[in-house]
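These notebook entries record what I looked up in one structure. I worked through rings, core, cysteines and sheet in turn.

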Amino acid sequence: MKFIYIDTCVVLDCVFTRQEKASPVLLERIVEACKRNEVKLLLPRVTLLEIFRVLDEYLETTLALLSEIKKTIAEIADARGLNRGLKDTLTKAVNTARKESRNNVEDAKSLICDVADDGSKSLILEIEVNDLIDAVSIAIKGDKPSKEKAQWGLLQSDCLIVAALVRFTESHPDDELIIC
């Protein structure tokens with residue numbers, strides 16, 4: 001069986017096109033491949049929880065920044081006499097970006113849920129006690145992907161994800177795992 005794991009950062013890149021080479025359609029293509037039974041989506045429970053939290057946080061930050069841009073447009077128009085047509089065009093573009101950002105996040109959540117909720121299309125890796133132990137060990141040693149312990153603590157989500165993926169690969173030696 002062929003499995004695919006999508007990291008939270010890749011989902012963010014797809015939704016917000018944060019990187020130059022990021023493709024907003026990548027997530028859709030992966031979901032379609034799952035629906036055609038070409039691959040199964042592998043989701044550690046930690047990733048599933050993290051994706052929704054991070055998407056909401058990133059959207060909130062994006063909307064706040066777009067609000068600031070809108071405010072700046074109004075300030076420039078008032079202080080510098082920006083013509084009304086240009087002000088309206090810029091404001092409309094910001095409003096469109098806000099709407100598209102919200103829609104993109106909701107679409108991504110929907111795509112992920114459609115597959116994650118279907119056991120024939122996905123496999124959710126629940127957190128096991130050994131994952132916790134392995135994750136803490138990774139953090140204590142300072143191995144990748146651990147971050148600064150003083151700031152992030154000993155139980156870090158990235159370490160839990162790695163521990164769950166390692167457990168999966170060890171228990172499924174004949175399966176193929178694609179990591180995005």
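Before the first entry I note the cut-off I rely on: a residue is called buried when its relative accessible area is under 20%, exposed when it is over 50%, and partly exposed in between. I also note that the model is predicted.

**Entry 1. Aromatic pairs**

I searched the whole structure for aromatic pairs and found 2. In one of them, Phe3 and Phe168 meet edge-to-face, with 4.8 Å from centre to centre and 75° between the planes. Phe3 belongs to strand E1 (residues 2–5) and Phe168 to helix H7 (residues 157–171), so this pair ties together parts that are 165 residues apart in sequence. I looked up the accessibility of both rings' residues: Phe3 and Phe168 are both buried.

I then turned to Phe16 and Tyr58. Their ring centres are 4.5 Å apart and their planes stand at 55°, so I entered the pair as tilted. Phe16 is in helix H1 (residues 8–16) and Tyr58 in helix H3 (residues 45–80); the pair therefore ties together parts 42 residues apart in sequence. Are these two residues buried or partly exposed? Phe16 has a relative accessible area of 16% and is buried, whereas Tyr58, at 30%, is partly exposed.

**Entry 2. Nonpolar cores**

I next asked which residues have the most contacts inside the largest nonpolar core. That core has 29 residues, and the ones with the most contacts inside it are Val11, Leu27, Leu41, Leu55 and Ile112. At least two residues each come from H1, helix H2 (26–35), strand E2 (40–44), H3 and helix H4 (84–116). H3 gives the most, with 7 residues. I recorded another core that lies apart from this one; it has 14 residues, among them Phe3, Tyr5, Leu42 and Ala135.

I followed up two residues of the largest core. Leaving out residues up to four places away in sequence, Leu55 touches Val11, Leu12, Val15, Phe16, Val105, Ala108 and Lys109. Leu27 lies in helix H2 and is buried, at 5% relative accessibility. With the same exclusion of residues up to four places away, Leu27 touches Ile6, Val11, Cys14, Ala108, Leu111 and Ile112. I also noted that Leu27 and Asp13, 14 residues apart in sequence, are 9.7 Å apart in space from C-alpha to C-alpha.

**Entry 3. Cysteines**

How many disulfides does the structure hold? I found 0. For Cys9, which is in no disulfide, the nearest cysteine sulfur is that of Cys14, 11 Å away. Cys9 is partly exposed, with a relative accessible area of 42%. Cys180 is likewise in no disulfide, and the nearest cysteine sulfur, again that of Cys14, is 8.2 Å away. Cys180 has a relative accessible area of 27% and is partly exposed.

**Entry 4. The sheet**

In what order do the strands of the sheet lie? I read the order as E3-E2-E1-E4: 4 strands form an open sheet with parallel pairing. The edge strands are strand E3 (122–125) and strand E4 (176–179), each of which pairs on one side only. From one strand to the next, the twist averages 30°. I looked in particular at E2 and E3, which run parallel and are joined by 4 bridges. Here I noted that Leu43 stands opposite Ile124 in E3.

Terms used:
Residues numbered from 1 in each chain as written. Predicted model: local features only at pLDDT ≥ 70, side-chain atom pairs only at ≥ 80, totals over all residues. Heavy atoms only, no water. Phe/Tyr/Trp six-rings, centres within 6.5 Å; stacked < 30°, edge-to-face > 60°. Buried < 20%, exposed > 50% of the residue type's maximum accessible area, 1.4 Å probe, protein only. Core = buried A, V, L, I, M, F, W, Y, C linked by side-chain atoms within 4.5 Å. Contact = heavy atoms within 4.5 Å. Disulfide = S-S within 2.5 Å. Pairing = 2+ DSSP bridges. Axes fitted to C-alpha atoms, helices over the stretch in contact; angles between N-to-C directions.
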